[in-house]
Amino acid sequence: MNDTNPMLHLEDVYMRYPSRDGTPITILNDIDLKVRQGEFITVVGPSGCGKSTLLRLILGAESPTEGAVLLDGKKLDAPNRNRGIVFQKYSLFPHLSVMDNIVFGLDAEAHGMFLGWLKPGQMRQRRRAFRDQAQVYLERIGLADAADKYPHELSGGMRQRVAIAQSLIMKPRILLMDEPFGALDHATRTEMQLFILEQWEQAEMTIFFVTHDLEEACFLGSRVLVLSQYYQTDAGRGQGAKIVGDFATPGGHPKPTDFLYSEEMSQLVHRIRSEGLSPDNLQHIRDFNLTHRDAFRTVNPEEWQREQ
Ligand SMILES: Nc1ncnc2c1ncn2[C@@H]1O[C@H](COP(=O)(O)OP(=O)(O)OP(=O)(O)O)[C@@H](O)[C@H]1O
């Protein structure tokens, strides 16, 4: 990686939120992360450790309490078309057709930029051009015949395709995906994994993809980041999450589908698990080796202790 000149640099980032009694709680603790253009970064870690917070910082929806998020060496501005986001649910407007959902971002942007000086005829022409562009994306996502349908008429997988197209049409440099396939059944999920790899290849984007599924993280990512708040430092027990693992995935990228079932992949999953996380077994940040089976699902310390 070109570490000296990364596209995105989270530089010594701390994120703190006020707790109920007003004292600040550290969520992200000194995150330093350099990312180059075109990486497919998957992010795993215990529930509540700060994965979505990390995405919000990269989106520019929030600013770090300390440190900086730099894009091309400059402090990140407010969210804009350079950075798209797809959530597990609720990315679509239920009252808009598939076509209008996809066109929405372009329309909103044009409305903000051109209102007041475009003549009605020009606006109509521009809108037609947007719809033509959306049609290209509809074909790309295999939903060319669904332009006039509404989200409630679509399956979960189809809805997520539309949500992805809604982001892609803005041609973002960075696509942020927060457990986008978490609500899908196994078959649809596999189909969507191949779909996003295809889109990533075609659009040459950088992707951040949060998931609780380690297999998914290893299959999709060119790089897997492990974020966790369970660690010790020389100063005592850690506060807030750090990046405790940063793995380049083998198998080339995008990987052949049979990588999903390969020995190489199960070794990587095992390695991440064994260098992973459990609240009961705090390790020094230098030598993580935490092995609870649910480490990457739910590790709320009280819950975990109750389960034992
Ligand atoms: N605006 C906020 N104010 C206060 N606390 C917040 C705020 N946003 C997030 N948090 C807290 O920050 C922590 C990290 O939340 P975040 O949603 O980033 O974790 P996560 O790893 O994405 O969780 P999950 O895996 O469950 O989706 C949580 O304890 C959450 O309650």
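This report describes a predicted model, covering the ligand shell, helix α1, two sets of paired strands and the two domains.

## Ligand shell

The residues around the ligand include Tyr17 and Ile27. The others are Gly45, Ser47, Gly48, Cys49, Gly50, Lys51, Ser52 and Thr53. Sorted by class, the shell holds 6 polar residues, 3 nonpolar residues and 1 charged residue.

Helix α1, which spans residues 51-59, supplies the largest share of this shell, with 3 residues. Lys51 and Thr53 belong to the shell, and both are also among the buried residues of α1.

## The antiparallel sheet

An open sheet is built from 4 strands in the order β2-β1-β4-β5, with antiparallel pairing. Its edges are β2 (24-35) and β5 (74-75), each of which pairs on one side only. In general, the strands of a sheet are held in pairs by backbone hydrogen bonds, in either a parallel or an antiparallel arrangement.

Strand β1 covers residues 8-18 and is joined to β2 by 8 bridges in the antiparallel sense. Within β2, leucine 28 is the residue that stands opposite methionine 15.

## Helix α1

Helix α1 lies across three strands of this model, namely β1, β2 and β4 (66-71). The helix runs at about 120° to β1. Most of α1 is covered, with 7 of its 9 residues buried. The buried set consists of Lys51, Thr53, Leu54, Leu55, Leu57, Ile58 and Leu59. Just after the helix, glycine 60 adopts a positive phi of about 90°.

## Leucine 59

Leucine 59 is part of helix α1. This residue counts as buried because 21 other C-beta atoms lie within 10 Å, and the cut-off for a buried residue is 20 or more.

Leaving aside residues up to four places away in sequence, leucine 59 touches Pro79, Arg83, Ile85 and Leu176. Two of these contacts, Arg83 and Ile85, fall within the range of strand β6 (residues 83-86). Leu176 is one of the buried residues of β7. Threonine 42 is 17 residues from leucine 59 in sequence, and the C-alpha atoms of the two are 16 Å apart in space.

## Strand β7 and its partners

Strand β7 comprises residues 174-178, and 5 of its 5 residues are buried. Its two faces are both covered. Ile174, Leu176 and Asp178 are buried on one side, while Leu175 and Met177 are buried on the other.

Strand β7 has parallel pairings with β6 and with β8. Strand β6 (residues 83-86) is joined to β7 by 4 bridges, and glycine 84 stands opposite leucine 175. The pairing of β7 with β8 (residues 206-210) runs over 5 bridges. There, phenylalanine 208 of β8 is opposite leucine 176, the residue that is also touched by leucine 59.

## Domains

The domain assignment divides the chain into domain 1, made of 1-82 + 182-308, and domain 2, which spans 91-171. Domain 1 contributes 10 residues to the contact and domain 2 contributes 9 residues. On the side of domain 1 that touches domain 2, the residues are 6 nonpolar, 2 polar and 2 charged.

Notes. Residues are numbered from 1 along each chain as its sequence is written. This is a predicted model: local features need pLDDT of at least 70, side-chain atom pairs count only at pLDDT 80 or more; totals for chains, interfaces and linings use all residues. A residue is near a molecule or strand if its C-beta atom, placed from the backbone, lies within 6 Å of it. Ala, Val, Leu, Ile, Met, Phe, Trp, Tyr, Cys and Pro count as nonpolar, Asp, Glu, Lys and Arg as charged, and the others, Gly among them, as polar. Two strands pair if DSSP finds at least two bridges between them. Two residues are in contact if their C-beta atoms, placed from the backbone, lie within 7 Å. Axes are lines fitted to C-alpha atoms, for helices over the stretch in contact, and angles run from 0 to 180 degrees between N-to-C directions. A residue is buried if 20 or more other C-beta atoms lie within 10 Å of its own, exposed if 12 or fewer, and partly exposed in between; C-beta atoms are placed from the backbone. Domain bounds come from an automatic or database domain assignment.
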